[in-house]
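Here are my notes on this one, as numbered points you can check against the viewer. Have a look at the model first, then read on.

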Amino acid sequence: MKIVAVIPAHLASVRFPNKILFKLHGLPMIEHVRRRALLSKAISDVYVATCDSEIAEVVKNFGGKVIMTSNLHTNGTSRVAEAIADIDCSHVMLLQGDKPLLLPRHIDEFAMNVSKKPFGDAWNATGPIEHHEELDRHSFVKCTVSKNNRILYCFRRSPCYSDFDVQMSFTRKILGIIAYRKDFLLELNKLPPAPIEQVEFIEQMRIIENGFNLESVPVSQS
């Protein structure tokens, strides 16, 4: 098994333009993510996938590897699929470029779970819901999880009727680490956007709506 990490990046962030290059302690946000990924023992290589020459130049100046992609991508999943088409790997881990506090041990922990079921389709890191108001906070995605850690549905506002304490037994928040078996990602990218994926703006729903397996990988957030 060979896992590569890819950080999809572009400048046209709706809420915070150029966010990916915002400097924290003298380093662009994406460079924090890239360096933390390189500290993982489970990753064979780290790439930044972008359509913006400004991002590419910044990453290359720090010694990073860049794959230039089309500027027509509407999400990170399709950008990563294009980027890894000719990369030698069995699995790809998509890392969000705006998560500068990513911990290398979380990547290692996540990769260990992937290695237990290498022929699975996709895996997503998840964390606990701690406050009732988070269930209806549309700015981040939640999911319902079965007893065998299969993600059954993703949502932004809770569709559940049960009390909060009960919901916490099967509801978790989606975190910014997702992995795919490479050949599965390439096939998934050929499928048209799924109905719920489009109206809810949740990329993971294309996996679920087409009947494939998306596994929850619980990670601590400390």
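A charge counts as sitting over a ring if NZ of Lys or CZ of Arg is within 6 Å of the ring centre and within 35 degrees of the ring normal. Keep that in mind for the first point, and bear in mind that this is a predicted model throughout.

1. Start with Phe140. Lys142 lies over the face of this ring, at 4.3 Å from the ring centre. Lys173 also lies over the face of Phe140, with 5.3 Å to the ring centre.

2. Next, strand β1. Seven of the seven residues of β1 are buried, so the rest of the structure largely encloses this strand. In a regular strand, side chains alternate between the two faces of the sheet. Both faces of β1 turn out to be covered: Ile3, Ala5, Ile7 and Ala9 are buried on one side, and Val4, Val6 and Pro8 on the other.

3. Which strands pair with β1? Six bridges join β1 to β4, and the two run parallel; in that pairing, Ala5 has Val46 of β4 as its bridge partner. β1 also pairs with β6, again in the parallel sense, over four bridges. There, Val6 stands opposite Leu94 of β6.

4. Helix α3, residues 76-84, is another mostly covered element, with eight of its nine residues buried. Those buried residues are Gly76, Thr77, Ser78, Arg79, Val80, Ala81, Ala83 and Ile84. What covers them includes β1, β4, β5, β6, β10 and α6. At the N-terminal end of α3, Asn75 acts as a cap: one of its side-chain oxygens lies 3.1 Å from the backbone nitrogen of Thr77.

5. Now Ala179, a residue of strand β10. Ala179 counts as buried, at 2% relative accessibility. Leaving out residues up to four places away in sequence, Ala179 touches Val92, Met93, Phe110, Val114, Asp121, Ala122 and Trp123. How far is Ala179 from Asp163 in space, given that they are 16 residues apart in sequence? The C-alpha to C-alpha distance is 32 Å.

6. On aromatics, the count comes to one aromatic pair. Phe184 and Phe212 form that pair, in an edge-to-face arrangement with 5.0 Å centre to centre and 75 degrees between the planes. Phe184 belongs to helix α6 and Phe212 to the loop between α8 and β11, so the pair ties together parts that are 28 residues apart in sequence. Phe184 is buried, with a relative accessible area of 4%, while Phe212 is partly exposed at 30%.

7. A search of the whole structure finds 11 salt bridges. One of them joins Lys19 and Asp98, with the closest N and O atoms 2.8 Å apart. Lys19 is in the loop between β1 and β2 and Asp98 in the loop between β6 and α4, so this bridge ties together parts 79 residues apart in sequence. Lys19 is partly exposed at 21% relative accessibility, and Asp98 is partly exposed at 24%.

8. A second salt bridge links Lys117 and Glu215, at 3.5 Å from N to O. This pair connects distant parts of the chain: Lys117 is in the loop between α4 and β7, and Glu215 is in strand β11, 98 residues apart. Is each partner buried, partly exposed or exposed? Lys117 counts as partly exposed at 44% relative accessibility, whereas Glu215 is buried at 9%.

9. Within helix α1, Glu31 forms a salt bridge with Arg35, the closest N and O atoms being 2.7 Å apart. The two are four residues apart in that helix, which puts about one helical turn between them. Glu31 is buried at 1% relative accessibility, and Arg35 is partly exposed at 37%. Glu31, Arg34 and Arg35 are linked in a network of salt bridges.

10. Finally, two backbone entries to look at. Asn149 has a positive phi of about 70 degrees although it is not a glycine. Asn149 sits in the loop between β8 and β9 and is partly exposed, at 31% relative accessible area. Phe201, not a glycine either, has a positive phi of about 55 degrees. Phe201 is found in the loop between α7 and α8 and is exposed, with a relative accessible area of 66%.

Note on methods. Residues are numbered from 1 along each chain as its sequence is written. This is a predicted model: local features need pLDDT of at least 70, side-chain atom pairs count only at pLDDT 80 or more; totals for chains, interfaces and linings use all residues. Side-chain values use heavy atoms; hydrogens and water are left out. Buried means under 20% relative accessible area, exposed over 50%, partly exposed in between (1.4 Å probe, protein chains only). Contact means heavy atoms within 4.5 Å. A polar contact is a pair of N or O atoms within 3.5 Å; within protein, one must be able to donate a hydrogen and the other to accept it, and residues adjacent in sequence count only if both atoms are side-chain atoms. Two strands pair if DSSP finds at least two bridges between them. Rings of Phe, Tyr and Trp (its six-membered ring) pair if their centres lie within 6.5 Å; planes under 30 degrees apart count as stacked, over 60 as edge-to-face and the rest as tilted. A salt bridge is a side-chain nitrogen of Lys or Arg within 4 Å of a carboxyl oxygen of Asp or Glu.
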